[in-house]
Number of protein chains: 2
Amino acid sequence: MKYFVGIDVGATKIIFLLLANNKIIKKKKISTPRTKADFLAVVKENLGKEVSGVGIGVPALLNLKRKLVLNSPNLPYLNNCPLTQVVKGFLPQKTPVAMDNDANCFALAEACLGAGQNVKVVCGITLGSGIGAGIVLNRKIYHGAHGSGGEVGHMSIKFDGYQCSCGSFGCFEEYASEKFFQRRKISSRELEVKARAGNKKALQLFIDYGRYLGIGLANIVNVLDPEIIVLGGGTSKTSKFFMRSAQKECARRVISPLAKKYVRIKKAKLGESSGAVGAALLLINK
Amino acid sequence: MKYFVGIDVGATKIIFLLLANNKIIKKKKISTPRTKADFLAVVKENLGKEVSGVGIGVPALLNLKRKLVLNSPNLPYLNNCPLTQVVKGFLPQKTPVAMDNDANCFALAEACLGAGQNVKVVCGITLGSGIGAGIVLNRKIYHGAHGSGGEVGHMSIKFDGYQCSCGSFGCFEEYASEKFFQRRKISSRELEVKARAGNKKALQLFIDYGRYLGIGLANIVNVLDPEIIVLGGGTSKTSKFFMRSAQKECARRVISPLAKKYVRIKKAKLGESSGAVGAALLLINK
């Protein structure tokens with residue numbers, strides 16, 4: 001039996017897990033340290049012994065050829081860190097270490113073991129403080145030519161709309177991440193409480209959110225024509241209130257009658273472990 | 001030596017060519033007939049003898065599994081026509097016949113023999129009365145799950161913008177096809193004459209057009225991260241007046257610093273034959 005470590009590095013927590021035969025054997029959650037030295041110490045401590053490989057998901061743009069973290073807005077101490085190389089130093093010689101973007105890991109996990117099983121073209125999207133996404137073709141992450149395939153959060157869906165933190169205007173994530181709720185002085189969690197109590201304004205706000213989400217999903221369907229789009233991330237926990245509206249708006253804007261009819265938009269299945277599972281799968285699915 | 005026939009079916013003209021060893025041996029241009037019977041007669045007449053295969057590019061959405069033309073807005077007599085099957089009937093038994101969308105054929109030709117040679121991820125875009133596009137990965141057309149991968153013309157770039165003929169709002173092709181010029185009571189050709197004469201308003205209008213084009217190109221770069229985007233179609237003949245503005249607007253809106261720096265946006269190399277060349281390549285590149 002081969003054991004793989006999957007590490008999902010988040011802005012507030014790190015999940016470590018041990019995967020064997022596609023099953024989670026062990027899992028540990030730790031608050032993300034504030035310094036690079038503490039971060040590396042925590043990683044070193046939690047790698048276990050005699051593992052067949054280690055996969056790491058990071059919330060960052062990566063230079064995959066040089067195995068370098070390029071830019072991690074939420075964990076700036078990782079910027080320019082050759083993380084795979086550093087982690088290799090913690091392990092017996094020749095133990096493989098892989099790294100990828102956290103949303104790519106999420107998408108890989110859902111494509112291999114979650115809502116997108118047995119599907120050739122999967123797009124996995126994380127809805128949270130921003131929008132992350134990964135494209136998985138035949139169980140392999142699609143990276144594009146420069147490692148940034150699937151950065152759907154920064155599609156302009158309204159070219160003269162709100163300015164995004166990236167400098168561009170009208171980015172999808174300005175309209176369909178938690179930023180939508182923040183602009184209305186509430187979070188999706190708080191709004192959910194009101195919606196569950198039957199508050200009509202709250203229910204309508206979720207429907208409005210779903211429409212914006214559906215616009216971006218339609219763009220993805222028109223460009224990529226996936227079989228399934230899997231929605232994860234914190235905001236997706238309230239999906240029962242916006243899913244139908246998102247599906248409806250998406251269908252309105254998809255050009256192909258076949259894609260309009262058959263594309264599935266579904267909630268993720270693997271829960272909070274998906275990122276770490278996907279990180280471990282980086283090695284298994286090579 | 002193997003000879004392949006490539007047929008590019010356009011709304012106004014059909015190009016037939018014979019390709020051998022990736023070279024054009026013969027070429028013929030015919031006005032597109034007005035009826036299905038005349039169309040099929042013209043196709044039959046121009047298939048040549050002892051060919052190794054026939055490829056057809058059509059301006060239509062296709063059902064590739066059933067080899068059926070689904071919907072051809074400019075040639076409605078092709079709707080629901082099982083065109084590959086019909087053409088097979090004109091040929092000696094077992095002669096292979098392939099069919100694809102015309103923009104996919106354009107992209108394939110440019111990826112194999114044009115501006116995108118030796119490139120793994122190519123997006124080919126035709127700018128004309130609408131916007132067509134094809135995605136070519138490792139010299140194969142990417143079709144997506146339902147045959148409609150690459151329908152970038154119908155991405156919403158302004159969700160509350162102009163209504164498109166497809167029923168959706170703010171489609172890329174409303175802003176970056178000839179529709180942009182039509183809305184200003186001019187064509188790109190007519191505007192080019194003025195621009196060449198140094199007319200400042202004409203030059204500014206091309207710059208404005210380029211900006212809209214750049215917005216959609218940035219969306220493609222953010223989602224697909226191609227190495228090159230190749231621009232073809234009638235409007236691209238005036239590209240010297242809008243290319244820089246398109247490249248600049250695209251760079252502003254691309255999130256990845258690597259893609260921003262390295263993605264190439266170039267004019268097509270193969271001219272009016274590209275569609276027919278790509279159609280012939282459908283068989284060669286199988």
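Select helix α10 of chain B, residues 274–284. In this predicted model, 10 of the 11 residues of α10(B) are buried. They are B:S274, B:G275, B:A276, B:V277, B:G278, B:A279, B:A280, B:L281, B:L282 and B:L283. To see what covers them, add their surroundings: the buried residues of α10(B) pack against the strands β1 (4–9), β2 (13–20), β4 (53–58), β7 (97–101) and β11 (228–232), and against α3 (102–113), of chain B. An α-helix has 3.6 residues a turn, so residues three or four places apart point the same way.

**The sheet of chain B**

Next, select β8, β9, β10, β11 and β12 of chain B. Together they make an open sheet of 5 strands with mixed pairing, and the order across it is β10-β9-β8-β11-β12. Which strands stand at the edges? They are β10 (140–142) and β12 (264–267) of chain B; each has a single partner strand, so one side of each is left without a neighbour in the sheet. From one strand to the next, the twist averages 30 degrees.

Keep the sheet on screen and add α3(B). This helix packs on the sheet and touches β8, β9 (131–137), β10 and β11 of chain B. The direction of α3(B) makes about 45 degrees with that of β9(B).

Now go through the strand pairs.

- β8 (residues 121–127) and β11 of chain B run parallel and are joined by 5 bridges. Pick B:G124 to find one of the pairings: its bridge partner in β11(B) is B:V230.
- β8(B) and β9(B) are antiparallel, with 7 bridges. The two strands form a hairpin with 3 residues between them. Pick B:V121, which stands opposite B:L137 in β9(B).
- β9(B) and β10(B) are also joined in the antiparallel sense, by 3 bridges. B:L137 appears again here, opposite B:K140 in β10(B). This hairpin has 2 residues between the strands, and in it B:N138 takes a positive phi near 50 degrees.

Is β9(B) mostly covered or mostly open? It is mostly covered, with 6 of its 7 residues buried. In a regular strand the side chains alternate between the two faces of the sheet.

**Where the chains meet**

Show both chains. The contact between them takes 41 residues from chain B and 40 residues from chain A. On the chain B side, the elements that give two or more residues are β5 (61–63), α7 (200–224), α8 (243–253) and α9 (257–262). Which element supplies the largest share of that side? It is α7(B), with 7 residues. Colour the chain B side by class and it divides into 20 nonpolar, 13 polar and 8 charged residues. For the model as a whole, the scores are ipTM 0.95 and pTM 0.96.

**The two domains of chain A**

Hide chain B. Chain A has a mean pLDDT of 95, and 99% of its residues reach 70 or more. Colour residues 4–104 and 273–284 as domain 1, and residues 118–267 as domain 2, following the domain assignment. Their C-alpha centres lie 26 Å apart. At the boundary, 9 residues of domain 1 are in contact with 11 residues of domain 2. On the domain 1 side, β5 (61–63) and α3 (102–113) of chain A each supply at least two residues. That side has 4 nonpolar, 3 polar and 2 charged residues.

**Three single residues**

Start with A:T126, in strand β8 (residues 121–127) of chain A. A:T126 counts as buried because it has 27 C-beta neighbours inside 10 Å. Beyond its neighbours within four places in sequence, A:T126 is in contact with A:A103, A:F106, A:I131, A:G132, A:G232 and A:G233. For a distance to draw, take A:V86: it is 40 residues from A:T126 along the chain, and the C-alpha atoms are separated by 28 Å.

The last two stops concern backbone angles. Most residues other than glycine have a negative phi. A:D225 has a positive phi, near 50 degrees, and sits in the loop between α7 (200–224) and β11 (228–232) of chain A. Is A:D225 buried or exposed? It counts as buried, because 26 C-beta neighbours lie inside 10 Å.

B:E50 also has a positive phi near 50 degrees. Bring chain B back and look in the loop between α1 (36–45) and β4 of chain B. With 8 C-beta neighbours inside 10 Å, B:E50 counts as exposed.

Terms used
Residues are numbered from 1 along each chain as its sequence is written. Chains are lettered from A and ligands numbered from 1 in the order in which they are written. This is a predicted model: local features need pLDDT of at least 70, side-chain atom pairs count only at pLDDT 80 or more; totals for chains, interfaces and linings use all residues. Domain bounds come from an automatic or database domain assignment. Two residues are in contact if their C-beta atoms, placed from the backbone, lie within 7 Å. Helices (H or I, at least four residues) and strands (E, at least two) are DSSP runs, numbered from the N terminus. Ala, Val, Leu, Ile, Met, Phe, Trp, Tyr, Cys and Pro count as nonpolar, Asp, Glu, Lys and Arg as charged, and the others, Gly among them, as polar. A residue is buried if 20 or more other C-beta atoms lie within 10 Å of its own, exposed if 12 or fewer, and partly exposed in between; C-beta atoms are placed from the backbone. Two strands pair if DSSP finds at least two bridges between them. Axes are lines fitted to C-alpha atoms, for helices over the stretch in contact, and angles run from 0 to 180 degrees between N-to-C directions. pLDDT is the predictor's confidence in each residue, from 0 to 100.
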